[in-house]
Amino acid sequence: MKINNRLKTIGDLVPLSSYPLDIGCDHALLSIYLVKERGLSKAVASDNKSGPLKKARENVKFYKVSDKVELIKSEGLDSYKEGIDTITISGMGGLNINKILDDNRKYLKNINTLILSPNNYSLAVKRKLIKLGYHVDNEVLVKEHNIIYEIFVFKKGRKYYSYKKLFLGPTLMFKNDDLTKEYYNSLLIKKKALLNALPKSFSSKIRLTKKEIKYLEEILNNSI
Ligand SMILES: C[S@@+](CC[C@H](N)C(=O)[O-])C[C@H]1O[C@@H](n2cnc3c(N)ncnc32)[C@H](O)[C@@H]1O
C-alpha cells in the first residue's frame with residue numbers, strides 16, 4: 001500500500017502483538033498499514049472531525065480492512081477501548097498532544113507504549129510523558145520534503161534524566177548518523193537565532209538558551 005516514510009516508520013515501531021489506537025488518524029493510513037502490512041489483528045483509528053473520518057472510511061473500504069480497523073469519531077482519548085495497550089499520535093502540535101493525554105489520564109493505566117511525533121514543543125512532550133510515568137525508549141528521526149520529523153517511543157516505567165539528557169534526547173544523543181547531526185545542527189541555528197532575539201530582561205531564558213547552545217556544540221564536536 002502507499003504510505004509515506006514518516007507514517008511507515010511510526011508503524012514499524014508499533015509492537016506486533018499490540019492493540020493500538022491512533023488518535024488524530026485523518027486518513028487512517030497508519031492503522032490500515034498496521035493490519036494490512038504488519039499483520040496486527042485489529043486497530044482503532046479516531047479523529048474529532050467528520051471530514052478526516054470520511055476519508056478514513058473510504059480508505060478502510062478501499063484496502064478491505066473494515067473488519068480489522070475500527071473508526072471512531074471522538075475527542076482525544078475518549079476513543080479508548082478496553083484492551084488497547086498502545087497509542088500513536090502524530091502530525092499534531094506538542095501542546096495538543098499533552099492536553100489529550102492529560103485530559104484523560106485514567107486511560108493511560110493500561111497503556112504500555114506511546115509513539116508520539118509532535119510537530120513542535122517536543123521537549124514539553126518528553127517532560128509531560130515523564131510526569132505521567134513513562135521513559136524514553138527510543139527516538140527516531142525521519143526526513144521528508146526537507147523537514148526532519150521526531151518520533152518518540154515512550155514505555156511505562158520511570159527513569160531520571162538530567163536536563164541535558166532530556167534536551168539532547170536520552171537515546172538520540174548516542175546516535176551518530178548524518179541525520180542526527182543535521183537535526184542537532186538545525187536546532188543549534190534556531191537556538192542561536194533565539195538568543196539574538198531575546199530581550200535583555202529575559203535573563204533566565206538567556207541563561208537556559210546559552211546552556212542549550214553549549215550542549216549542542218559539545219555533541220556536534222563529539223566532546224560529550
Ligand atoms: C495533520 S493531521 C495528522 C494525521 C496523521 N496522524 C499523520 O500524522 O499524518 C491531524 C489530525 O488530528 C485531528 N485532531 C486534532 N486534534 C484532535 C483531538 N483533540 N482529538 C482527535 N483528533 C484530533 C485532526 O482532525 C486531523 O485530522
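Strand 4 (86–92) and helix 4 (94–103) each supply at least two residues of the shell around the ligand, and in this predicted model strand 4 gives the most to that shell, with 3 residues. The shell comprises 16 residues, of which Gly-24, Asp-26, Asn-48, Ser-90 and Gly-91 come nearest to the ligand.

Away from the ligand, the packing of two helices can also be described. Two packed helices are described by the angle between their axes and the distance between the axes. For helix 1 (residues 5–13) and helix 2 (residues 29–36), the axes come within 9 Å and cross at roughly 50 degrees, and the two helices are therefore oblique to each other. The crossing in which helix 1 passes helix 2 is right-handed. On the helix 1 side the contact is formed by Leu-7, Lys-8, Ile-10 and Gly-11, which meet Leu-29, Leu-30, Tyr-33 and Leu-34 of helix 2.

The residue classes of this contact and of the ligand shell are set out below.

| Site | Nonpolar | Polar | Charged |
|---|---|---|---|
| Contact of helix 1 with helix 2 | 6 residues | 1 residue | 1 residue |
| Shell around the ligand | 6 residues | 6 residues | 4 residues |

A further residue to consider is Ser-50, which is found in helix 3 (residues 50–62). Is Ser-50 buried or exposed? With 9 other C-beta atoms within 10 Å, Ser-50 is exposed, because a residue counts as exposed if 12 or fewer such atoms lie within that distance. Ser-50 and Ser-74 are 24 residues apart in sequence, while their C-alpha atoms are 9.7 Å apart in space.

How values were computed
Residues numbered from 1 in each chain as written. Predicted model: local features only at pLDDT ≥ 70, side-chain atom pairs only at ≥ 80, totals over all residues. Axes fitted to C-alpha atoms, helices over the stretch in contact; angles between N-to-C directions. Helix = DSSP H or I, 4+ residues; strand = E, 2+ residues; numbered from the N terminus. Parallel < 35°, antiparallel > 145°, perpendicular 65-115°, else oblique. Left-handed = near helix turned anticlockwise from the far one by under 90°. Contact = placed C-beta atoms within 7 Å. Nonpolar A, V, L, I, M, F, W, Y, C, P; charged D, E, K, R; others polar. Buried ≥ 20, exposed ≤ 12 C-beta atoms within 10 Å, placed from the backbone. Near = placed C-beta within 6 Å.
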